[in-house]
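Biologist: I would like a close look at one small part of this model, followed outward to whatever it joins. Please take it step by step, as I am new to reading structures.

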Amino acid sequence: MSFIPTGIDEGGLAVPAVIANKGSRLVRAGFIPLVDAAILIAAAEFGFAAREGIQLSLIRDVSWANIRDRLAFRQFDIAHMLAPMPVAASLGLGSNPSPVVTPFVLGRGGNAITLSLGLFRRMQAMADLSGKPNALANAQALKRVIKARIEEGLGPITLGITYPFSSHNYELRYWLAAGGIDPDLEVKLVVVPPPMTSDALSAGAIDGFCVGAPWNMVAVSRGVGCIVAVKEDIWPSSPEKVIGMRPDWLEQNTETASRLIVALDRAALWCDQADNRRELALALSAPNYLDVPFEILHRVLLGQFTIDPDGAERTVPDYFNFHRDAANFPWISQAQWIYSQMVRWGQIEYCSSLAEQAGAAFRPDLYRNAIGKRVDIPTNDTRVEGRDDGDAFLDGAIFDPANIPGYLNSVGASAFEK
Amino acid sequence: MIAALSIMIFDENRIRASIIEEGLREAGHNKVVLLHEINGLARQIEIIGPDVIVIDIETPNRDMLEHLFQLTRSVRKPIAMFVDRSDSSSIEAAVEAGVSAYVVDGLKKERVKPILDMAVSRFKAFSRLQQELAEAKGALEERKIIDRAKGILMKSRSMSEDEAYSLLRQTAMNEKRKIADIAQSVVTAAALLGS
C-alpha cells in the first residue's frame, strides 16, 4: 500500500490524471528503445508507478553515452542501462565515469548473435550444422571459416556490438572464444547503433553483430542474416539491463527509490506472465516507445524465432525472463563476473580491491529493503555462477567470485594476454 | 604563446556544421575540421588528435566514439562534455540545444568553455532558422491551396475573387476551422466531382 495520497481509490473509479498526480513524486527516467526497457515502460503505462505515488516520466534517447551523461548531469533521475555500465563507472572506466549503482536488474535475456547469410552459408558448407541449433558448433564452424579466409588472404570479418561496456561485447567475445576465436586478433569489433544493424549487415559494412531484441529478428525477417546463438546459450542468468541511479539521488530520495523498486517489481511480475505479453507488445510498439511492428515484438516476447531466411524455427521459452528465479536481484557475484570479463579482455587489470569496488556497483541491500521478506528472494548476495542446473556457461566454466584469478586461468585468459 | 586548440566538428548536417565552423573561425580558431560521415572518423581522429570534439547529441554514433576512445592507447583521454560538472546551467543549455562534446582531459575550463558556448548558440540559431523555414513553407503551401480553392469557386459559382475569399473565410468562422482547411476541402471535393 502506498502512504502518499495518489488520488487513486483502490478498487473504485479511476480519477483524472491531474488529480492522480497531486502529491506524487516525479521521477525522470531515460531509456533506449529496446524490448528490455519493458519493465520500465509497463511501470509507467499500466499504473504500477502511479500506485506507489510515482509519476514516472520516460525520456527516449539514442545512445548509451547520452544516457550515462544525462544521468550524471541530472537530466535524468534514473536510467535504463547496460549492466556493465555501473560496473565500469565504479572502476573509473569510460569517458565520464560518474558514480552509478543499481538496485534492480531489468530481467534476463534478449540478446542474440546474428551473422550474414553469406558467412553462415560458408559455415554450413565447412561443418555439419544440420542438427538442432547449436551455438558452440556454430562458433567452431566460424573458426574454420576464419582459418580458410586467412589462407585465402582475406581480411578479418567485422562484427558489431553496441557499446564497449556492454553485455553484447562480453557475450560476443565469450562465444567467439568458446569456439577458439581470438576476439582481438581474428575478428574486428566495431560499434553499430542497434537500429542500424540490419542495414549495416545488408550493406556488407559488417558480417554479423550481437544486439538485443528486436534487432536480430528484424535482420532475419529482412532476409539478411541468421541467428547463430542466443543469450541463453552463452549464460542463461547473465544480467542484461539494469536501473541505474546516482548515489546522491538515492541518498536524497530514499523513500521514492524504495517505492520505485516496489513498482518495478510489480511491473516485472506483470510483464513476466505469458497472458500479458500481447498487451505488452502492443504498448511497446507505440511510436513513442519502440516504434517496431507489433507482430515482431509479440513473437520476440514469446521467444518464437525464425532463425534463418529459409524459415527455420527455434523457440526459446525463456528468451525474456522479466521476473522468475530472482531475475531482478542484483547479485554482487554477477557484477564481479562482469569485472572478470573486463580483465579478461584487457579493459582493466586484476586486483582484489577492484573486484570489491566492482561488486559494490550492485546493491542487493536496497532491493531487499524495498521488497521486504519474500520466499523468492535469495538469502545470499553472492553465489558461484554457472554451477546450478540449467545455468551453465557455454564453455562449462564455473565462476567463483572468491577466486577470480583461478576462474580467469580456467577460461584461458592468459592465452590472450597482449 | 599557447598552442591553438584543434577542434573537430562531427555533424551529419553539413549546413549546421558550417555555421559552427564559421563562428569558431570568427572567434580566432583556425584549426577546425568538419566531418559529416562516420566512415573514416576513427582515422581522422587518429591523424588530427583533436583537443575538442563537438558532436550532435541526437546521433547514435556517440557510442561508436566511446568505443574508439576505449581502444586508443593514447594518453590524451577525451572526457565527455564539460570540464566543470558544477556548471549545470551550461550543461542544460547544451543538451537542450542538442550539443555534446568531448574534451581532452587536462584542458583548462576557460579555454574550452567559449568553444562550447559558441557551438551551443550556433546550434540554437540553426534550429530557429529551420523552424522559421518550416513555418514559411507551411504558409506558402496554405496560400497555394487557398488560391486554388478561390479559382474553383470563381469558376463554378461565377464569383469575384473577393467574394470567393469571403465565402471561404465565413465558412471557416462558422465551422471554427482554418481557412486553409476549408480550402483543402473545396479542392478535394472539386477533384472528386471532376469539376
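Modeller: Let's begin with a rule for counting: a residue is called exposed if 12 or fewer other C-beta atoms lie within 10 Å of its own, with the C-beta atoms placed from the backbone. Please also keep in mind that what you see is a predicted model.

Now take Ser158(B), our starting point. Ser158(B) has 8 C-beta neighbours inside 10 Å, so by that rule this serine is exposed. Its backbone deserves a glance too: phi is near 50°, a positive value in a residue that is not glycine. As for its place in the chain, Ser158(B) belongs to the loop that runs between helix H5 (109–156) and helix H6 (161–174) of chain B.

How do the two helices on either side of this loop meet? The axes of H5(B) and H6(B) cross at roughly 115° and come within 9 Å. Angles from 65 to 115 degrees count as roughly perpendicular, and therefore H5(B) is described as roughly perpendicular to H6(B). The crossing of the pair is right-handed.

You can find the contact by its residues. On H5(B) look for Ile146(B), Ala149(B), Lys150(B), Leu153(B) and Met154(B), and on H6(B) for Glu161(B), Ala164(B), Tyr165(B), Leu167(B) and Leu168(B). Sorted by class, the H5(B) and H6(B) contact holds eight nonpolar residues, two charged ones and no polar ones.

Next, follow H5(B) to another partner. Helix H1 (residues 14–26) of chain B packs with H5(B) at an angle of about 140°, and their axes are 9 Å apart. Angles over 145 degrees would count as roughly antiparallel and those of 65 to 115 as roughly perpendicular. The angle here is in neither range, so H1(B) is oblique to H5(B). H1(B) passes H5(B) in a crossing that is again right-handed.

Which residues make this second contact? From H1(B) come Arg16(B), Ile19(B), Ile20(B), Gly23(B) and Leu24(B), while H5(B) supplies Ile115(B), Met118(B), Ala119(B), Arg122(B), Phe123(B) and Phe126(B). Between H1(B) and H5(B), the classes come to eight nonpolar, one polar and two charged.

Let's step back to the neighbouring chain. In all, 20 residues of chain B are in contact with 18 residues of chain A. On the chain A side, the largest share is five residues, and these come from helix H4 (residues 64–72) of chain A. That side of chain A is made of eight nonpolar, seven polar and three charged residues.

One last comparison brings us back to where we began. Ala326(A), like the serine, is a residue other than glycine with a positive phi, here near 55°. This alanine sits in the loop between strand E14 (320–321) and H16 of chain A. Ala326(A) has 16 other C-beta atoms within 10 Å, which means it is partly exposed, whereas Ser158(B), with 8, counts as exposed.

Conventions. Residues numbered from 1 in each chain as written. Chains lettered and ligands numbered in written order. Predicted model: local features only at pLDDT ≥ 70, side-chain atom pairs only at ≥ 80, totals over all residues. Contact = placed C-beta atoms within 7 Å. Helix = DSSP H or I, 4+ residues; strand = E, 2+ residues; numbered from the N terminus. Nonpolar A, V, L, I, M, F, W, Y, C, P; charged D, E, K, R; others polar. Buried ≥ 20, exposed ≤ 12 C-beta atoms within 10 Å, placed from the backbone. Axes fitted to C-alpha atoms, helices over the stretch in contact; angles between N-to-C directions. Parallel < 35°, antiparallel > 145°, perpendicular 65-115°, else oblique. Left-handed = near helix turned anticlockwise from the far one by under 90°.
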